[in-house]
Amino acid sequence: MSVSASALDVLRRNNVNVSGDASGRPIVFAHGFGCSQQMWRDVASGFVTDHRVVLFDHVGAGDSDLSAYDRRKYDSLHGYADDVLEILDALDLRDVVYVGHSVSAMVGVLAATHDPSRFGALVLVGPSPRYLNDVGYVGGFDQADIEAMLDSLDANYLGWSSAMAPVMMGNSERPELADELTTSFCLSDPAIARHFARVTFLSDNRRDLARVTTPTLILQCTDDVIAPLTVGQYVHDSIAGSELVVMSATGHCPNMSDPGQLIAQIRTHLT
Amino acid sequence: MTIPVPHFPAGADDAAGIELFEPSLEDLYEHAPCGYLTTAPNGVVVKVNETFLAWTGYSRDQVVGQPFASLLNVGSQLFYDTRCLPVLRLEGEVREVALVLDRPHGRPLPILVNSIRRAGDDGQPRLVRTAVFDATRRQDYERDLLFARRAAERSEVRVRTLQEAAATFGAAKSEESVTAALAEIACAAFDATCATVMLPVTDSGILRAVAGAAHPVGESVSIDSQRPEAEALRRATVVTISSVDEAERMFPALAEPLHAARLEAMTATPLLADDAPMGVLVCFFGRRRDFEEDELALNRTLARLGTQALQRIRLQEQLEHLALHDKLTGLANRELLQYRLAQALFAAGRHLRPMSVIFLDLDGFKAINDQLGHAAGDAVLVEVSARLRGAVRPSDTIARFGGDEFVVVCEDAAADAAVAVAERIRMAIRQPIAHVPVALPLTASIGVARHRPIGGRIPEPDEVVLQADAAMYQSKESGKDRYTVVDI
């Protein structure tokens, strides 16, 4: 397979890593807000024997190309959805199993409704189409909660710019900082983190759910404050023909806390 | 480096001294100068020390058996679940994480947290130990710092945007460059998906997108329509749509096209010149947006700067036109004629292409002016200009040379083409004019100077006009209402 120059740019921009069985059904893992493709480490390993496994970082996260972060493009989840479509295009994947965690569940919904042709299945892990409560809808959070979250982000990044900015700008005088950065999977530029947080937690994609035509599995955790059970039920009710499974895994990150259960659920759904 | 040796009371031996001050490891744990928690891998607290309970006011039962995250305020929970836990799992450690604990009574407690993960022999995580430090004081000044930084960032964006706008608009030479820059700068300042500037099309009742990205939901909008752009123009105020839901309520017909274009929100800001709207700046957003007042204020300021630049350019264009055109007839004046003629001669010499200059003087104009008055004379000159415009080719330049003298520059005109123009002019002028009695006939004496360059010296403009003038004079001498051709 030959890959065009622009395809290479896409693969580099999103730090795309492909492994597993090249002839197997492609499975793409998309990480949520706050971390990088590293979150999928223990889940992805469960698919390499019989799937073509694709991992990537959203622009602004992990080892993606930070210079590609265009605030206009990434001011809505559509920007991230376009990147997903470009990755599928660059690798020329068909019948893709797209596994999206947290905000990337909605990114997958937007990508698959914009161009369903390459998608075979959507697996939405802890999805939420809207985090803010609204009339007749419980998202789990008020505007003040989201502002508090942004405060929290900022408070934890107060010292960031002085310590990390030289690394981002390629300061070769302090190579030890560069090492530190590459091992800090979940660090990113605070301005980007704040913007991504806003876009993640203030978006409202409820309308898009009804347009999904790709077979969809919704995996919900027990006691997930970020995506409560009622929200999972809402997503299930809004996507015709979808399947909802509530896992015994707790918290918001079953891909890290209980990878085995996640692998088993996805596999059951695919067979 | 020397290490200070602990000093114990005289008479006691070392071990007894330590016993006295640290009676047991359990006491060290329970009353350590920091809160201390142990959680299972799933985040549930299995052990907590007295210091933590004393600081927070929780009873042991309220903490043990609960997820640690559930003790935090909602903002911290979000941060902890999405950012801290993943790092802790991947790296085995987090340090100096700033969080806020909710307390059963009293104010929330700002804390700093260090956590480490302990794994069993099999490498699987067994438990997480967390030390908790009271960060109340630190948090107070950090918050001040944070608010100051945010305020500084906001004002930096504002200043940068306005500086860029001022510089770009100042350098802009055309209406197109102003509107393009306005759309571009607004787009960058508000992280808009796209932006455009719409201006009214003269006498059509329509607003049309003239700059920026293609208008995603309709290039042109009727000024009377139920659209935010039209409403912003009519009401001379900013109109915003925060979400597709809001569009459904305010502008029902717009909701579906917006969503289909993957857009959620928009702003329409009028360009107000002396309170009279001259256009609209429109920004589109890919997600729902609750517009804040300082954002809208910047929007208005940007629109005002853009408006001023548009006004300046329109004024400049007017001034330029006034400086180069005859006030009465709107034809080119001698200055513009000089410029166009020099250009035409240069182009002709360079490409060796023929060109001509037609000089005409009205016969019988003086009598009209004398008998009917200056106002009637002026009206006749305006009518003559209109007839000249109808007689020449679209690319020709017509200038008013003097009182009743006119010059036409015909570029790229082969010999017979210029003659044809001269004849059309002659025929046009001699037609009767409304309100001018037949007893006062008007005709034209015309001179045509044809120039066929063969290389070498390019003639001076004055020289060519002089030759055409001489030819015109010959027509006058030979009985008027005719043309005379001279080749130079």
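**Exercise 1. Which element gives the most to the lining of the largest pocket, and with how many residues?**

*Solution.* The model examined here is predicted.

Step 1. Establish the space concerned: the largest pocket holds about 1,600 Å³.

Step 2. Locate its centre. Of the 43 lining residues, R71(A), R194(A), R154(B), V157(B) and D191(B) are the closest to the centre.

Step 3. List the elements that give two or more residues to the lining. From chain A these are α5 (143–156), α6 (160–168) and α8 (190–202), and from chain B they are α6 (136–171), α7 (175–189) and α11.

Step 4. Identify the main contributor: α6(B), with eleven residues, gives the most.

Step 5. Classify the lining of the largest pocket: 23 residues are charged, 15 nonpolar and five polar.

**Exercise 2. Determine how many cavities of 30 Å³ or more are counted, and describe the lining of the second largest.**

*Solution.* Step 1. The count comes to two cavities of 30 Å³ or more.

Step 2. The second largest cavity encloses about 70 Å³ of space.

Step 3. Assign its lining to chains. Chain A supplies L77(A), H78(A), S203(A), D204(A), N205(A) and D208(A), while chain B supplies H259(B), L263(B), E264(B), G286(B) and R287(B).

Step 4. By class, this lining comprises five polar, four charged and two nonpolar residues.

**Exercise 3. Classify L319(B), L85(A) and E184(B) as buried, partly exposed or exposed.**

*Solution.* Step 1. Place each residue. L319(B) belongs to helix α11 (residues 293–324) of chain B, L85(A) to helix α3 (residues 77–90) of chain A, and E184(B) to helix α7 of chain B.

Step 2. Apply the cut-offs: under 20% relative accessible area is buried, over 50% is exposed, and values in between are partly exposed.

Step 3. L319(B) has a relative accessibility of 52% and is therefore exposed. L85(A), at 13%, is therefore buried. E184(B), at 43%, is therefore partly exposed.

Step 4. Consider the surroundings of L319(B) on the surface: together with L315(B) and L322(B), L319(B) forms a nonpolar patch with about 310 Å² of accessible area.

**Exercise 4. State how far apart in space L85(A) and V18(A) are, and likewise E184(B) and E26(B), C-alpha to C-alpha.**

*Solution.* Step 1. L85(A) and V18(A) are 67 residues apart along the chain, and their C-alpha atoms are separated by 16 Å.

Step 2. E184(B) and E26(B) lie 158 residues apart in sequence, with 66 Å between their C-alpha atoms.

Key:
Residues are numbered from 1 along each chain as its sequence is written. Chains are lettered from A and ligands numbered from 1 in the order in which they are written. This is a predicted model: local features need pLDDT of at least 70, side-chain atom pairs count only at pLDDT 80 or more; totals for chains, interfaces and linings use all residues. Side-chain values use heavy atoms; hydrogens and water are left out. Patches are made of residues with over 30% relative accessible area and no salt bridge: like charges are joined within 9 Å, nonpolar side chains (Val, Leu, Ile, Met, Phe, Trp, Tyr) within 5 Å. Accessible areas come from the Shrake-Rupley method with a 1.4 Å probe; for residues, only the protein chains shown count as cover. A salt bridge is a side-chain nitrogen of Lys or Arg within 4 Å of a carboxyl oxygen of Asp or Glu. Helices (H or I, at least four residues) and strands (E, at least two) are DSSP runs, numbered from the N terminus. Buried means under 20% relative accessible area, exposed over 50%, partly exposed in between (1.4 Å probe, protein chains only). On a 1 Å grid over the protein atoms alone, a cavity is a set of points where a 1.4 Å probe fits but cannot get out, and a pocket is an open set with protein on both sides within 12 Å along at least five of seven lines; lining residues have an atom within 4 Å of a point. Grid points are joined across faces, edges and corners, and a volume is the space filled by probe spheres set on the points. Ala, Val, Leu, Ile, Met, Phe, Trp, Tyr, Cys and Pro count as nonpolar, Asp, Glu, Lys and Arg as charged, and the others, Gly among them, as polar.
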